[in-house]
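Reader: I've just opened this one up and I'm finding my feet. Could you walk me through it, question by question?

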Amino acid sequence: MRSKGKSPAKVLFDTNLLMAVFEGPVNVIERVEELLETKVRPVILRLQLQELERIASSKKRQKAARIASTVLEYVKKRAFEVFEGGEGAVDDAIVEVSKREGYIVATNDRELRRRLRKEGISVVYMKGDGKIELEGYQP
């Protein structure tokens with residue numbers, strides 16, 4: 001049950017969470033919307049797109065390349081907002097941009113989750129059983 005008239009929550013999706021959900025058929029945006037009880041405006045960094053493109057073109061890691069290609073198609077189809085800012089290591093950029101822009105971050109990376117929570121940034125993650133969980137969200 002989504003709140004009517006509520007502004008969409010901007011959620012920055014980390015590459016590892018997107019790759020994890022595409023190992024099996026899951027509509028991650030809908031699941032996050034259900035969890036947050038509001039519409040989600042999905043965001044991805046330009047740095048992450050470049051990372052996905054590198055993985056997708058890999059000849060050595062064929063399974064990862066196939067999943068990365070699927071994620072790139074999904075990002076395009078779902079019209080993710082591409083954030084042009086952020087530089088350096090992807091995780092550092094995610095922390096910096098999310099803190100500055102007020103994004104919720106969706107990631108399965110434990111170290112990144114720890115860093116985000118330390119900075120007071122809300123985190124969405126997927127548990128081993130496929131359930132989506134939320135840490136630190138204050139609507």
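Author: Sure. Let's settle one word before we start: contact, or touching, means heavy atoms within 4.5 Å. Also keep in mind that this is a predicted model.

Reader: With that in hand, which residues does Thr15 touch, not counting residues up to four places away in sequence?
Author: Thr15 is found in helix α1, and at 5% relative accessibility it counts as buried. Leaving out residues up to four places away in sequence, the ones Thr15 touches are Gln48, Glu51 and Leu52.

Reader: And which side chain is joined to that of Thr15 by a polar contact?
Author: The link is between two side chains, and its length is 3.5 Å. The partner of Thr15 is Gln48.

Reader: Let's stay in α1. Is Leu18 buried or exposed?
Author: Leu18 lies in helix α1 as well. The cut-off for buried is under 20% relative accessible area. Leu18 has 0% relative accessibility, so it counts as buried.

Reader: What is Leu18 in contact with, leaving aside neighbours within four places in sequence?
Author: One residue to look at beforehand is Ile67, which is 49 residues away from Leu18 in sequence but 9.0 Å away in space, C-alpha to C-alpha. As for contacts, with the neighbours within four places set aside, Leu18 has Phe13, Val28, Ile44, Val71, Val75 and Phe80.

Reader: Which element gives the largest share of the largest nonpolar core?
Author: That core has 29 residues, and those with the most contacts inside it are Val11, Phe13, Leu18, Val28, Val32 and Phe80. Elements giving two or more residues to it are β1, α1, α2, β2, α3, α4, β4 and β5. In general, nonpolar side chains tend to be buried together in soluble globular proteins. Here the largest share, six residues, comes from α4.

Reader: How many residues does the second, separate core have?
Author: Val90, Val95, Ile121 and Val123 are among its members. The count for this second core is 16 residues.

Reader: Back to α4: what covers its buried residues?
Author: Helix α4 has 16 residues and reaches 22 Å from its first C-alpha to its last, close to the 22 Å expected. Buried residues in α4 are Ala64, Ala65, Ile67, Ala68, Val71, Tyr74 and Val75. Residues three or four places apart in an α-helix point the same way, because there are 3.6 residues a turn. What covers the buried ones in α4 includes α1, α2, β2 and α3.

Reader: How are the rings of Tyr74 and Phe80 arranged?
Author: A search of the whole structure turns up three aromatic pairs. In the pair of Tyr74 and Phe80, the ring centres are 6.0 Å apart and the planes meet at 65°; over 60 degrees counts as edge-to-face. Tyr74 is buried at 10% relative accessible area, and Phe80 is buried too, at 7%. So the arrangement of Tyr74 and Phe80 is edge-to-face.

Reader: Which residue forms one aromatic cluster with Tyr74 and Phe80?
Author: Phe80 and this residue are both listed among those with the most contacts inside the largest nonpolar core. The residue that forms the cluster with Tyr74 and Phe80 is Phe13.

Reader: What is the phi of Ala79?
Author: Ala79 is found in the loop between α4 and β3, and it counts as partly exposed at 43% relative accessibility. Most residues other than glycine have a negative phi. Ala79 has a positive one, near 50°.

Reader: How far apart are the end C-alpha atoms of α5?
Author: Helix α5 has twelve residues, so at 1.5 Å a residue it should span 16 Å. Its buried residues are Val90, Ala93, Ile94, Val95, Val97 and Ser98. The end C-alpha atoms of α5 agree with the expected span, at 16 Å.

Reader: Last one: what does Leu112 touch, not counting residues up to four places away in sequence?
Author: Leu112 has its place in helix α6 and is buried, with a relative accessible area of 1%. Leaving out residues up to four places away in sequence, Leu112 touches Asp14, Asp91, Ile94, Val95 and Thr107.

Technical notes. Residues are numbered from 1 along each chain as its sequence is written. This is a predicted model: local features need pLDDT of at least 70, side-chain atom pairs count only at pLDDT 80 or more; totals for chains, interfaces and linings use all residues. Side-chain values use heavy atoms; hydrogens and water are left out. Rings of Phe, Tyr and Trp (its six-membered ring) pair if their centres lie within 6.5 Å; planes under 30 degrees apart count as stacked, over 60 as edge-to-face and the rest as tilted. Buried means under 20% relative accessible area, exposed over 50%, partly exposed in between (1.4 Å probe, protein chains only). Helices (H or I, at least four residues) and strands (E, at least two) are DSSP runs, numbered from the N terminus. The expected span of a helix is 1.5 Å times one less than its number of residues. A nonpolar core is a set of buried Ala, Val, Leu, Ile, Met, Phe, Trp, Tyr and Cys residues joined through side-chain atoms within 4.5 Å. A polar contact is a pair of N or O atoms within 3.5 Å; within protein, one must be able to donate a hydrogen and the other to accept it, and residues adjacent in sequence count only if both atoms are side-chain atoms.
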